[in-house]
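Please work through the exercises below with the sequence and the model side by side. Each one sets a task and then solves it step by step.

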Amino acid sequence: MNRGTGMNREPPGMAVHEARMRLALRQAKLAAEAGEVPVGAVVYNGGELAGQAWNQTRMLKDPTAHAEMLAITQAASAAGDWRLVDSILYVTKEPCPMCAGAIVLARIPLVVWGMSDPQRGGAVSRFQILQTAELNHRSEVLTGVLEAECTALIKDFFKKRRLESKNDEDFE
Ligand SMILES: [Zn+2]
């Protein structure tokens, strides 16, 4: 399958995508254990694992500390290049508008996620930032990879929060 990503090797098949998403899920579970909204992300650059992170907004008191932002920063730092033109980002939930903006700026050719976010998704669901002709880069997307597991993590987290009568607004 040719995704037109400019990658000079066979694009990974679904089994590879799922294996990498499992690493993102592992990151998301670390977030849940730390009381953060359980989203995890990994970046493969040149076919190698180059970044992995979980959402740390509360811990770092930083609204930009989403899993994708941290993983992209790691991958760019490892590459010594802000352009990640031979990379794939895996994330358990559809990127928000901020992260989608960073993905465009990093020129990441393919973004793979599990759970889509019809209410706030910044990639394609609510805002189509990854596929806006006026921006200088468009990313291919592959959605629904290990969707059930990714969705269950988020749902369980907020269900538990509600049982503890904590305010979900803390987690916007
Ligand atoms: Zn985000």
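The structure is a predicted model, in which local features need pLDDT of at least 70 and side-chain atom pairs count only at pLDDT 80 or more, while totals for chains, interfaces and linings use all residues. Residues are numbered from 1 along each chain as its sequence is written.

**Exercise 1.** Determine how the axes of helix α1 and helix α5 are placed relative to each other, and state which residues meet.

*Solution.* Helices (H or I, at least four residues) and strands (E, at least two) are DSSP runs, numbered from the N terminus. The axes, which are lines fitted to C-alpha atoms (for helices over the stretch in contact), give angles from 0 to 180 degrees between N-to-C directions. For α1 (residues 14-33) and α5 (residues 147-163), the axes come within 11 Å and cross at roughly 5 degrees. That makes α1 roughly parallel to α5, given that angles under 35 degrees count as roughly parallel, over 145 as roughly antiparallel, 65 to 115 as roughly perpendicular and the rest as oblique. Next, take contact to mean that two C-beta atoms, placed from the backbone, lie within 7 Å: Leu25, Ala28, Lys29 and Ala32 of α1 then meet Glu149, Cys150, Leu153 and Phe157 of α5. The residues of this contact comprise 6 nonpolar, no polar and 2 charged ones, where Ala, Val, Leu, Ile, Met, Phe, Trp, Tyr, Cys and Pro count as nonpolar, Asp, Glu, Lys and Arg as charged, and the others, Gly among them, as polar.

**Exercise 2.** Establish the strand order of the open sheet and its pairing.

*Solution.* Two strands pair if DSSP finds at least two bridges between them. Strand β1 (residues 40-45) and β2 run antiparallel, joined by 6 bridges, and they form a hairpin with 2 residues between them, where Gly46 in the turn has a positive phi of about 60 degrees. On β1, Val43 has Gly51 in β2 as its bridge partner, whereas the bridge partner of Tyr44 is Ile88 in β3; β1 and β3 are antiparallel, with 5 bridges. β3 and β4 pair in the parallel sense over 5 bridges, and Val91 is bridged to Trp113 in β4. The open sheet of 5 strands thus reads β2-β1-β3-β4-β5, with mixed pairing. β2 and β5 (140-142) stand at the edges with a single partner strand each, so one side of each is left without a neighbour in the sheet.

**Exercise 3.** Find which residues of α4 are buried and what they pack against.

*Solution.* A residue is buried if 20 or more other C-beta atoms lie within 10 Å of its own, exposed if 12 or fewer, and partly exposed in between, with C-beta atoms placed from the backbone. In α4, the residues Cys99, Ala100, Ala102, Ile103 and Ala106 are buried. Seen down the axis of α4, they fall within an arc of 160 degrees (the arc of the directions from the helix axis to the C-beta atoms), so they line one face of the helix. They pack against α3, β3 (87-93) and β4, and in β4 itself 6 of its 6 residues are buried.

**Exercise 4.** Are Lys61 and Arg107 buried, exposed or partly exposed?

*Solution.* Lys61, in the loop between α2 (57-60) and α3 (67-79), has a positive phi near 50 degrees; with 8 other C-beta atoms within 10 Å, Lys61 is exposed. Arg107, in the loop between α4 (97-106) and β4 (110-115), has a positive phi of about 60 degrees although it is not a glycine. With 17 C-beta neighbours inside 10 Å, Arg107 counts as partly exposed.
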